[in-house]
Amino acid sequence: MSLPESRHLAQRLLAYEAVAGENSEPAESAAFRVFAMLRLALITLAGLAGFRSLLSRALTLARADAPDLSAVEVAADGSLKGLDELASQAQEETQEGGVVLLTQLIGLLLTFIGNDLTIRLVQDVWPEAAFDGRV
């Protein structure tokens with residue numbers, strides 16, 4: 001799968017979660033909620049160490065295109081530290097940073113587990129969202 005396809009799925013997930021978040025607490029950004037939800041599913045799939053490695057690699061790759069992510073780090077529990085603080089500073093840059101990071105994470109998932117399992121994982125996390133079976 002290509003980077004544009006990964007980016008498209010990342011944007012769809014963030015847009016979906018942004019709309020879903022309008023009905024909940026506005027304190028968390030859509031990007032923070034997407035990563036938190038994926039974190040649970042991916043820890044189940046790959047274990048905590050596997051997820052942390054995957055997210056750390058995605059963060060390293062994303063920093064090349066989104067330098068604002070330099071303040072973000074992967075915590076011991078696999079959560080992202082600094083993403084929400086970044087969101088409160090500059091909304092537009094944070095949204096792009098979230099898209100870039102999620103794009104890299106999805107790209108790594110596609111590389112390691114393939115399109116079908118990635119889509120199934122996304123559908124398990126967001127069962128009410130409509131996905132057409134491809135990225």
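In which helix is A20 found? In this predicted model, the residue sits in helix α1. A20 has a relative accessible area of 31%, so it goes down as partly exposed rather than buried or exposed. Following the chain on from there, A30 comes 10 residues later in sequence, and the C-alpha atoms of A20 and A30 are 8.7 Å apart in space.

Stepping back to the whole chain, there are 4 helices and 2 strands, and reading along the sequence gives the pattern α-α-β-β-α-α. The chain runs to 135 residues, of which 44% count as buried. Its accessible surface comes to about 7100 Å², with 53% of that belonging to carbon and sulfur atoms. As for contacts, take those between residues at least 6 apart in sequence: 64% of them join residues at least 24 apart.

Helix α2 deserves a look of its own. It covers residues 30-63 and so has 34 residues, yet its end C-alpha atoms are only 19 Å apart, where a straight helix would reach 50 Å at 1.5 Å a residue. The helix also has a bend of about 110 degrees, located at G47. T60 belongs to this helix too, and with 43% relative accessibility it counts as partly exposed, because that value falls between the 20% and 50% limits. T60 and L101 are 41 residues apart in sequence, while their C-alpha atoms lie 8.9 Å apart in space.

Now for the nonpolar part. In soluble globular proteins, nonpolar side chains tend to be buried together. Here, the largest nonpolar core has 37 residues, and L38, L102 and L105 are the ones with the most contacts inside it. The elements giving two or more residues to this core are α1, α2 and α4. Of these, α4 supplies the largest share, at 13 residues. L102 shows what such a set of contacts looks like: leaving out residues up to four places away in sequence, it touches A10, L13, L14, V34, F35 and L38.

On the charged side, how many salt bridges does the structure hold? The count is 3. One of them joins the side chains of E96 and R7, at 2.9 Å from N to O. This pair links distant parts of the chain, with E96 in helix α4 (residues 91-125) and R7 in helix α1 (residues 3-21), 89 residues apart. Neither partner is buried: E96 has 34% relative accessibility and so counts as partly exposed, and R7, at 26%, is partly exposed as well.

Another salt bridge brings together the side chains of R33 and E17, at 3.2 Å from N to O. Since R33 lies in helix α2 and E17 in helix α1, the pair ties together parts that are 16 residues apart in sequence. Are these two residues buried or exposed? R33 has a relative accessible area of 11%, which is under the 20% limit, so it is buried. E17 is buried too, because its relative accessible area is 7%. Beyond its neighbours within four places in sequence, E17 is in contact with A30, R33, V34, M37 and W126. V34 turns up again here, as it is also one of the residues that L102 touches. A30, the residue whose C-alpha atom is 8.7 Å from that of A20, is likewise among the contacts of E17.

The remaining salt bridge pairs D77 with R39, and its closest N and O atoms are 3.8 Å apart. Once more the pair links distant parts of the chain: D77 is in the loop between β1 (73-74) and β2 (80-81), R39 is in helix α2, and 38 residues separate them. The two partners fall into separate exposure classes. D77 is partly exposed, with a relative accessible area of 38%. R39 counts as buried because its relative accessibility is 19%, under the 20% cut-off.

Key:
Residues numbered from 1 in each chain as written. Predicted model: local features only at pLDDT ≥ 70, side-chain atom pairs only at ≥ 80, totals over all residues. Heavy atoms only, no water. Buried < 20%, exposed > 50% of the residue type's maximum accessible area, 1.4 Å probe, protein only. Salt bridge = Lys/Arg side-chain N within 4 Å of Asp/Glu carboxyl O. Contact = heavy atoms within 4.5 Å. Core = buried A, V, L, I, M, F, W, Y, C linked by side-chain atoms within 4.5 Å. Areas by Shrake-Rupley, 256 points an atom, 1.4 Å probe, with all protein chains shown as cover. Bend = angle between axes of the 7 residues up to and from the residue.
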